[in-house]
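Thanks for sharing this one. Here are a few notes to read alongside the model.

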Amino acid sequence: MNVVWEWDKAFEVLPVLLSGFFQVTLLVTVLSTVIAAVLGLVIAIVRRSAPRPIGRVVGFVVDFIRMTPIVVQLLFAYYAFLNVSPIVIGIAVFGIHYSTYMAEVYRAGIDSVPESQWEATTALSMSRYRIWTAVVVPQALRATAPALGNYAISMFKDTPFLLTIGVVEMVQAGLIFGGNNFKYLEAITIAGVIFLLASYPTSLLIGRLEKRLAFSN
Amino acid sequence: MSTQKFSSARLAIAASSVLALGLVGCSATDDGDAGASTLSALQEAGTITVAVADERPYSWVDGDEAMGATIAMHEEIFSNMGIDNVDVIQVDWNSLIPGLNAGRFDAISAGMSILPERCEAAAFSSPEIMYTTALMVPEGNPQGITDLDSVAATDGVRLAVLAGGIEAGYADSLGITGVQSVPDAQTGMDTVANGRADAFAMTAISLNYMADNNPSVPVETTGAFVQSIDGVDQVGAGATVFRQADTALLAAYNDALADITTDVDAYLGLVGEYGFTAENLPPADLTTAQLCAGTDG
């Protein structure tokens, strides 16, 4: 009983953790990243080009979301939308929360597009739609892709907060296993290793992507 | 070079002190005489310390006073064993067995279910409480749910279970999807009351106790049932937990317990006021060994 680490428990908990990882942790990360990337771009464009009152309102909402903890937002949505299943709430809250951060990244990317490019679009009398889709966004994305990737990793590491709204993701699955077997160390250690094995290669990839985009600029 | 040597020496010291801690931890419970000495030491001191985890109506601490069915049972049994005073400390549910093995208390008074994994870690007394399952549903039971089979058969019933609870395993085996997991019984009742879930599965005694003590909450409980999985009735029983080394204490406890569990009136006299009925009295032929082996009685 007093053995600190038991290998057979470690092998027993591994499939439990992996199933939690693929069925919940990875699913939430991927879907929320897509939501955050799209919604973040919309927010950035609205704040830059919509009429000032609308931009102000959006700016206030974005600041409000960024200044409150994600756990509070998860619990708020959990109790406010009783008919929505917890995992859908998790995906939506993570997506919206991180979209506010990604919007700032896009803003920096848009600002990095040289003024001369904007002037050229005016000279060519391009439509608003064409300015954004053909000139600004493609150039802005180049500068922003690495930072967006870092937020995706950050979101990935925040997924254990889902346990506050009753979603059994990888860490919660490990804690339940620990409670039933009185062995927490194995579960928590392996969960940490799985996080590391998933996020470290991703960050290396993002680093390479950053270099490649920088060279071709 | 010298700093490297220094740091590896420090590492060795750190590693050996960790090892030493581990060895001390082992030897504390591997004492061969502990079985006999714990019982006599407790009788000499006249006091036993038991742990509870706020599981109502089994055992909980209200202000300074310990209350509940297993507390009532233990005050009677331990006094029959020559230990007049029962000290109660409250800990987190998941710390019960680790704390027992670490020597922080001498027994667990929480009606803990006898399960094979737990038997590997600690020693269970003879069965004390039979568990049946029930469902908490909104007042009026709009979906007409009676048991977990009807939850599985009815479309759109959102079921809540305790995280890590035995009902979570039942739901899994029955193929019930979209199951929500709640951290405690109170949250389970809240999820049904506020409409987040349509049913909350837990032991019948706990659900009935909660429903009776919260008359303003718009929920009710279904009748108790014994869940069947793949044709096998899931019989659950709770017992008092001791350290595996304390064999004499366990044997003396079981002797004193038998006086109560063989006498329905004595049993209900102690636990009846907490909502227990004759159905909760374990049958004489159900043994801890059967439950530890995972074969249902």
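**Notes on the disulfide and the chain A–chain B interface**

This is a predicted model, in which local features need pLDDT of at least 70, side-chain atom pairs count only at pLDDT 80 or more, and totals for chains, interfaces and linings use all residues. Residues are numbered from 1 along each chain as its sequence is written, chains are lettered from A in the order in which they are written, and side-chain values use heavy atoms, without hydrogens and water.

1. Searching the whole structure turns up one disulfide over all chains (a pair of cysteine sulfur atoms within 2.5 Å). The partners are B:Cys119 and B:Cys292, with an S to S distance of 1.9 Å. The torsion about their S-S bond is about -75 degrees, so the disulfide is left-handed.

2. B:Cys119 sits in helix H5 (residues 116-121) of chain B and B:Cys292 in helix H12 (residues 288-293) of chain B, so the pair ties together parts 173 residues apart in sequence (helices are DSSP runs of H or I, at least four residues, numbered from the N terminus).

3. Buried or partly exposed: which applies to B:Cys119? At 13% relative accessibility, B:Cys119 counts as buried, while B:Cys292, at 22%, counts as partly exposed (buried is under 20% relative accessible area, exposed over 50%, partly exposed in between; 1.4 Å probe, protein chains only).

4. Turning to the interface, 22 residues from chain A and 20 residues from chain B take part in the contact (heavy atoms within 4.5 Å).

5. The rule finds zero salt bridges across the interface of chain A and chain B (a side-chain nitrogen of Lys or Arg within 4 Å of a carboxyl oxygen of Asp or Glu).

Definitions and conventions:
Helix = DSSP H or I, 4+ residues; strand = E, 2+ residues; numbered from the N terminus.
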